[in-house]
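Here are my comments on the model you asked me to look over. I have kept to the packing of the interior and to the strand pairing.

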Amino acid sequence: MRLDKFISRQLGVSRAIAGRELRAQRVTVDGNVVKDGAFKLQPEHQVAFDGNPLIQQTGPRYFMLNKPQGYVCATEDPDHPTILYFLDEPVAHELHAAGRLDIDTTGLVLMTDDGQWSHRITSPRHHCDKTYRVTLESPLAEDVAHQFAEGVELNGEKAPTRPAQLEVITPTEVLLTISEGRYHQVKRMFAAVGNHVVALHRERIGAIALDPELGPGEYRPLTEEEIASVGLPPR
């Protein structure tokens, strides 16, 4: 990779600004100042900006994050803090959420810079299951599990939801597994049966379950088994 492109990505600035920083002698490679943006960076090179090491990425990255309330699943937002705040990783702005959560929804978010991998999760064609712990305002009616298994009509939509699995924990707490990602789907499903969601927490995406060791705002890399569970063909 060209050095100016690397600096641009690392600092989140334009290529022109990266070139300016190079000419200002703020970048070193293996301890030596390099001003040429066309310098070909090799994996073994040690790069620093103002003496601070910049780590080269050698492959795609995969993380799970326990998202707290009040953060949006975006790389940038003018009005709200984003989940990138929690990721202490090089070039964090190149990571994206494989399946977003609303600002007030908590729980499992998968972060990656591998677009093909995240597509396996988010594409409607793959019907990736997602499980949510739902806290309800009113006790659950007896026939809701059957209604969800048959599919429910959402306000403003022509097609009913795909069959969903409902597991009752208490009269006002359930686990709901869906295989779609319609706008505010879980909240709208319960609204369709006359109830209201007061808290929503995602526990699982496909075979990947939220690590119980992760507190709100904490994250960890995915294991090889978790990465492979998405079913992306080997490259």
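The points below concern a predicted model and move from the nonpolar cores to one strand and its partners.

1. The largest nonpolar core has 31 residues, and those touching the most other members are Met-111, Val-134, Phe-148, Leu-176 and Phe-190. At least two residues of this core come from each of the strands S5 (62–67), S7 (106–112), S8 (130–136), S10 (173–178) and S11 (197–205), and likewise from each of the helices H4 (144–150) and H5 (185–192).

2. Beside this core there is a second, separate one of 15 residues, whose members include Met-64, Ala-98, Leu-108 and Leu-110. As background, in soluble globular proteins nonpolar side chains tend to be buried together.

3. Which residues does Leu-176 contact, once neighbours within four places in sequence are left aside? Leu-176 is then in contact with Lys-130, Thr-131, Tyr-132 and Val-134, with Phe-148, with Ala-164, Gln-165 and Leu-166, and with Val-186, Met-189 and Phe-190.

4. Strand S7 deserves a separate comment, since 7 of its 7 residues are buried. S7 runs antiparallel to S5, to which 6 bridges join it, and in this pairing Tyr-62 stands opposite Thr-112.

5. Strand S6 (residues 96–97) is also antiparallel to S7, with 2 bridges between them, and here His-96 has Thr-112 as its bridge partner. With S11, by contrast, S7 pairs in the parallel sense over 2 bridges, and Gly-107 has Arg-202 in S11 as its bridge partner.

Terms used
Residues are numbered from 1 along each chain as its sequence is written. This is a predicted model: local features need pLDDT of at least 70, side-chain atom pairs count only at pLDDT 80 or more; totals for chains, interfaces and linings use all residues. Side-chain values use heavy atoms; hydrogens and water are left out. A nonpolar core is a set of buried Ala, Val, Leu, Ile, Met, Phe, Trp, Tyr and Cys residues joined through side-chain atoms within 4.5 Å. Buried means under 20% relative accessible area, exposed over 50%, partly exposed in between (1.4 Å probe, protein chains only). Helices (H or I, at least four residues) and strands (E, at least two) are DSSP runs, numbered from the N terminus. Contact means heavy atoms within 4.5 Å. Two strands pair if DSSP finds at least two bridges between them.
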